[in-house]
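Please read the following structure from its overall architecture down to individual side chains. The sequence and the coordinates should be kept in view throughout.

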Amino acid sequence: MNDHGRRRLGILVGVGLAGGLLPGITFDGEDVDALLGLMMAALVMVVLTQLVYVGPSGRVPVPTLAAFGAIGFAQDALIWWLLSWLAPKVSPMHVEGWATILLAALLTRGAVLAASQLTSRVEIAEE
């Protein structure tokens, strides 16, 4: 899996964790509506992070990872803020409050950074 694939996987995992764990992210309607809302949020996150990507390519030292994490956290918080405004207009998802936005950004960026540090068995065998 390449860097882009790991980044997308991290975004999907992060958005799923945020939607499932944070009480400030709610959905009107049934489970299908919740899944639709999460998919819309993940799509917005993937598109916007692809346009303006802040993050490491491959494995990097911890200080560099921390710098990328802080900048990426700010980017993710801005995207979640956009989602808190946009989502109720187009989907059954609601994001309530700054604390929820910041925690969702933290979960999302943590998942992206964790996924970016994964290597496949093929890459390990080549080293």
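The paragraphs below go from the fold to the core, then to two side-chain pairs, a loop residue and the surface.

What is shown is a predicted model, and its protein chain contains five helices and two strands. Followed along the sequence, these elements are arranged in the pattern α-β-α-α-β-α-α. Of the 127 residues of the protein chain, 42% count as buried. Among the contacts in the protein chain with a separation of 6 or more, 79% are accounted for by residues 24 or more positions apart.

The interior can be approached through its nonpolar residues. The largest nonpolar core has 22 residues, and those with the most contacts inside it are Val15, Ile25, Met45, Trp80, Leu83 and Met93. At least two residues of this core are supplied by each of helix H1 (3-21), helix H2 (31-51), helix H3 (62-90), strand S2 (93-95) and helix H4 (97-116), while the largest share, six residues, comes from H2. In soluble globular proteins, nonpolar side chains tend to be buried together.

Methionine 93 gives a closer view of this core, being one of the residues with the most contacts inside it. If residues up to four places away in sequence are not counted, methionine 93 touches Ile25, Thr26, Phe27, Gly37, Ala41, Trp80, Leu83, Ala87 and Pro88. Three of the names in that list, Ile25, Trp80 and Leu83, also appear among the residues with the most contacts inside the core.

Charged side chains come next. How many salt bridges does a search of the whole structure find? The search finds one salt bridge, and it is formed by arginine 109 with aspartate 76, whose closest N and O atoms are 2.9 Å apart. Because arginine 109 lies in helix H4 and aspartate 76 in helix H3, the pair ties together parts that are 33 residues apart in sequence. Are the two partners buried or exposed? Arginine 109 has a relative accessible area of 4% and is therefore buried, and aspartate 76, with a relative accessible area of 1%, is likewise buried; the cut-off that applies here is under 20% relative accessible area.

Helices H3 and H4 are also linked through aromatic rings. A search of the whole structure finds one aromatic pair, in which the rings of tryptophan 81 and tryptophan 98 have their centres 5.3 Å apart and their planes at 40 degrees, so the pair is tilted. Tryptophan 81 belongs to helix H3 and tryptophan 98 to helix H4, 17 residues apart, and the pair thus links distant parts of the chain. Tryptophan 81 counts as partly exposed, because its relative accessibility is 45%.

The loop between H3 and S2 holds serine 91, which is buried, with a relative accessible area of 10%. Not counting residues up to four places away in sequence, serine 91 touches Gly37 and Met40. Serine 91 and glycine 37 are 54 residues apart in sequence, yet their C-alpha atoms are 5.6 Å apart in space. Alanine 34, placed in helix H2, is buried as well, with a relative accessible area of 17%. The C-alpha atoms of alanine 34 and serine 91 are separated by 8.9 Å, although the two residues are 57 residues apart along the chain.

The surface remains to be considered. The protein chain exposes about 7,100 Å², of which carbon and sulfur atoms supply 71%. Which residues make the nonpolar surface patch of about 430 Å²? Leu9, Val13, Leu17, Leu21 and Leu118 make this patch. Leucine 21 is found in helix H1 and counts as exposed, because its relative accessibility is 57%, and the cut-off for exposed is over 50%. Leucine 17, which also lies in helix H1, counts as partly exposed at 36% relative accessibility. With neighbours within four places in sequence left aside, leucine 17 is in contact with Leu22 and Leu107. Between leucine 17 and threonine 108, which are 91 residues apart along the chain, the C-alpha separation is 7.9 Å.

Definitions and conventions:
Residues numbered from 1 in each chain as written. Predicted model: local features only at pLDDT ≥ 70, side-chain atom pairs only at ≥ 80, totals over all residues. Heavy atoms only, no water. Core = buried A, V, L, I, M, F, W, Y, C linked by side-chain atoms within 4.5 Å. Buried < 20%, exposed > 50% of the residue type's maximum accessible area, 1.4 Å probe, protein only. Helix = DSSP H or I, 4+ residues; strand = E, 2+ residues; numbered from the N terminus. Contact = heavy atoms within 4.5 Å. Patch = residues over 30% accessible without salt bridge, like charges linked within 9 Å, V, L, I, M, F, W, Y side chains within 5 Å. Areas by Shrake-Rupley, 256 points an atom, 1.4 Å probe, with all protein chains shown as cover. Salt bridge = Lys/Arg side-chain N within 4 Å of Asp/Glu carboxyl O. Phe/Tyr/Trp six-rings, centres within 6.5 Å; stacked < 30°, edge-to-face > 60°.
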